[in-house]
Amino acid sequence: MYCWHLTMYHIPLELINIEPDGFHVMFHASVNGLKANTLIDTGASKTILDLSRSAYFLGDAEIKPFSKLFTGVGSNQIKTYISSIHTLVIGQREFSQLDVLLIDLAAINQTYAIYDLPRIDMVLGGDLLVKMNAVIDYPGKKLIVP
């Protein structure tokens with residue numbers, strides 16, 4: 001019989017109360033060594049970085065228009081770009097040369113500012129949640145990543 005041990009990392013989550021019985025889930029990641037307020041969005045297919053913060057997080061990394069159709073919850077197409085994060089650290093997991101989409105999160109961040117909530121620098125989407133085999137433990141307020 002073989003026995004192996006799988007290390008599970010527990011990343012603390014903050015449940016942000018948006019409205020009665022409505023929550024956003026946030027945590028801190030590291031983008032190229034810089035702390036990024038990160039929103040978990042299980043409905044987002046891709047991980048997104050705020051376009052207005054791209055120079056801060058990416059420096060002079062190349063930013064190119066994203067050629068595929070990308071839409072948000074509304075029916076309008078969103079102007080989208082693509083770039084690469086040199087190093088993304090989530091808990092103890094590190095990703096190198098990770099492609100991310102860049103969109104302007106100004107409207108969301110303006111709404112957050114009205115309610116004195118932290119700005120969103122990045123949205124962790126389904127692409128990385130699946131790649132990490134992540135589990136969101138809402139009662140324990142943690143993201144569990146093997």
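Begin by selecting aspartate 50, which belongs to strand 5 (residues 48–50). The model on display is a predicted one, and each stop on this tour describes what that model contains.

**Aspartate 50 and its surroundings**

Is aspartate 50 buried or exposed? Its relative accessibility is 0%, and because buried means under 20%, aspartate 50 counts as buried. Next, add arginine 119 to the selection and display both side chains. A polar contact of 2.9 Å joins the side chain of aspartate 50 to that of arginine 119. To see the wider setting, show the residues that aspartate 50 contacts beyond four places in sequence: Ile103, Asp104, Leu105, Asn109, Arg119, Ile120 and Asp121.

**The whole chain**

Now zoom out and colour the chain by secondary structure. The protein chain has 3 helices and 11 strands. Followed from the N terminus, the elements appear in the order β-β-β-β-β-α-β-β-β-α-β-α-β-β. Of the 146 residues in the chain, 35% are buried. If contacts are taken between residues at least 6 apart in sequence, 56% of them link residues at least 24 apart. With the surface switched on, the protein chain exposes about 9000 Å², of which carbon and sulfur atoms supply 54%.

**The hairpin of strands 2 and 3**

Select residues 14–19, which are strand 2, together with residues 22–31, which are strand 3. These two strands run antiparallel and are joined by 5 bridges. Within this pairing, asparagine 17 stands opposite phenylalanine 23 of strand 3. The hairpin has 2 residues between its strands, and aspartate 21 adopts a positive phi near 65 degrees there.

**Asparagine 32 and threonine 87**

Continue to asparagine 32, located in the loop between strand 3 and strand 4 (34–40). Most residues other than glycine have a negative phi. Asparagine 32, however, has a positive phi near 50 degrees. Its relative accessible area is 27%, and asparagine 32 is partly exposed.

From here, move to threonine 87, a residue of strand 7. Threonine 87 is buried, with a relative accessible area of 17%. Which residues does threonine 87 touch, not counting those up to four places away in sequence? They are Ser30, Val31, Asn32, Glu94 and Phe95. The list thus includes asparagine 32, the loop residue of the previous stop.

**Serine 83 in strand 7**

Stay in strand 7, which covers residues 81–90, and select serine 83. Serine 83 counts as buried, at 5% relative accessibility. Show the backbone of glutamate 62 as well: the side chain of serine 83 reaches the backbone oxygen of glutamate 62 at 2.7 Å. Then pick the C-alpha atoms of serine 83 and lysine 64. These two residues are 19 residues apart along the chain, and their C-alpha atoms are separated by 6.5 Å. When neighbours within four places in sequence are left aside, serine 83 is in contact with Leu58, Ala61, Glu62, Ile63, Leu98, Asp99, Val100 and Leu102.

**Glutamine 97 in strand 8**

Strand 8 comprises residues 93–103, and glutamine 97 is found in it. Although glutamine 97 is not a glycine, its phi is positive, at about 50 degrees. Glutamine 97 is partly exposed, with a relative accessible area of 49%.

**The aromatic pair**

How many aromatic pairs does the structure hold? It holds 1. Select tyrosine 56 and phenylalanine 57 to display it: the centres of the rings lie 4.8 Å apart, and the planes meet at 75 degrees. Planes over 60 degrees apart count as edge-to-face, so the pair of tyrosine 56 and phenylalanine 57 is edge-to-face. Tyrosine 56 is partly exposed, with a relative accessible area of 45%, whereas phenylalanine 57 is buried, at 2%.

**The sheet of strands 1, 11 and 10**

For the last stop, select strands 1, 10 and 11. These 3 strands form an open sheet in the order 1-11-10, with antiparallel pairing. Strand 1 (9–12) and strand 10 (135–137) stand at the edges; each has a single partner strand, so one side of each is left without a neighbour in the sheet. From one strand to the next, the twist averages 25 degrees. Strand 11, residues 142–145, pairs with strand 10 over 3 bridges in the antiparallel sense. To close the tour, highlight isoleucine 136 and leucine 143: leucine 143 is the bridge partner of isoleucine 136 in strand 11.

Technical notes. Residues are numbered from 1 along each chain as its sequence is written. This is a predicted model: local features need pLDDT of at least 70, side-chain atom pairs count only at pLDDT 80 or more; totals for chains, interfaces and linings use all residues. Side-chain values use heavy atoms; hydrogens and water are left out. Rings of Phe, Tyr and Trp (its six-membered ring) pair if their centres lie within 6.5 Å; planes under 30 degrees apart count as stacked, over 60 as edge-to-face and the rest as tilted. Buried means under 20% relative accessible area, exposed over 50%, partly exposed in between (1.4 Å probe, protein chains only). Two strands pair if DSSP finds at least two bridges between them. Helices (H or I, at least four residues) and strands (E, at least two) are DSSP runs, numbered from the N terminus. Axes are lines fitted to C-alpha atoms, for helices over the stretch in contact, and angles run from 0 to 180 degrees between N-to-C directions. Contact means heavy atoms within 4.5 Å. A polar contact is a pair of N or O atoms within 3.5 Å; within protein, one must be able to donate a hydrogen and the other to accept it, and residues adjacent in sequence count only if both atoms are side-chain atoms. Accessible areas come from the Shrake-Rupley method with a 1.4 Å probe; for residues, only the protein chains shown count as cover.
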